[in-house]
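Hi there,

I'm passing a structure on to you, and I hope you enjoy exploring it. Please open it first and then read my notes beside it.

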Amino acid sequence: MARYFDVHPENPQKRAVGQVVELVRGGGLIAYPTDSCFALGCALGNKDGIDRIRTIRHLDDRHHFTLVCQDFAQLGQFVHISNAVFRSIKAATPGSYTFILPATKEVPRRLLHPKKKTVGVRIPDHIVTQALVEELGEPLLSSTLLLPDQEEPMTQGWEIKELLDHQVDAVVDSGDCGTEPTTVIDFSDDTPEIVRVGAGDPTPFE
């Protein structure tokens, strides 16, 4: 059964954040809120966690996983980013965007798009997500919590707990969460391509 953590949206309890991160470090898979919608997350090197995300969401190997990063210093370790692209992304973060970029050798191969060798990265504007990533000390490997038979992501922590009780190890709830996934911008060849319009305003990349 999944553990349920009720975390304050503005002042996340250190103890709760520490317990969630301990679960992640121990190979756990969590459902957690972001500035766009709920996501599934696990540690970068957690092969079992990745397989569980694929199973829950019915994903194939072409799916772009996202590294949810604390800041640019962390993001820069995992993707190659030119000066021009850096400026564009910097202006839009933190926020509800996912950027697809060429991955560095720090990213496990199983996370990469098989042909393009790219990965998604983002810096969320969400206090609880930031607290989790800061405590973890590395990006959270994530994917939108959108189930195969649903058109919109779930928004209530207790609903997620009820439905995925035996498929995730913890549900982090901090109140209302949006229903729109991030806006996805592909920068794999330095020119922005809008792959998905979501919670972030796509206008700066058009």
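Below is what I found, starting with the core and moving on to two helices.

This is a predicted model, where local features need pLDDT of at least 70 and side-chain atom pairs count only at pLDDT 80 or more, while totals for chains, interfaces and linings use all residues. Residues are numbered from 1 along each chain as its sequence is written, and side-chain values use heavy atoms, leaving out hydrogens and water.

The largest nonpolar core (buried Ala, Val, Leu, Ile, Met, Phe, Trp, Tyr and Cys residues joined through side-chain atoms within 4.5 Å) has 43 residues. Buried means under 20% relative accessible area, exposed over 50%, and partly exposed in between, with a 1.4 Å probe and protein chains only. Leu67, Phe99 and Leu145 have the most contacts (heavy atoms within 4.5 Å) inside this core. A second, separate core of 20 residues includes Val7, Tyr32, Leu132 and Leu136.

Now for helix H4 (83–92); helices (H or I, at least four residues) and strands (E, at least two) are DSSP runs numbered from the N terminus. Val85, Ile89 and Ala92 are its buried residues. They line one face of H4, because they fall within an arc of 60 degrees seen down its axis; the arc is that of the directions from the helix axis to the C-beta atoms. These buried residues pack against H3 and E5, whereas Asn83, Arg87 and Ala91 are exposed on the other side of H4.

Finally, look just after H2: histidine 58 has a positive phi of about 60 degrees there.

Happy exploring!
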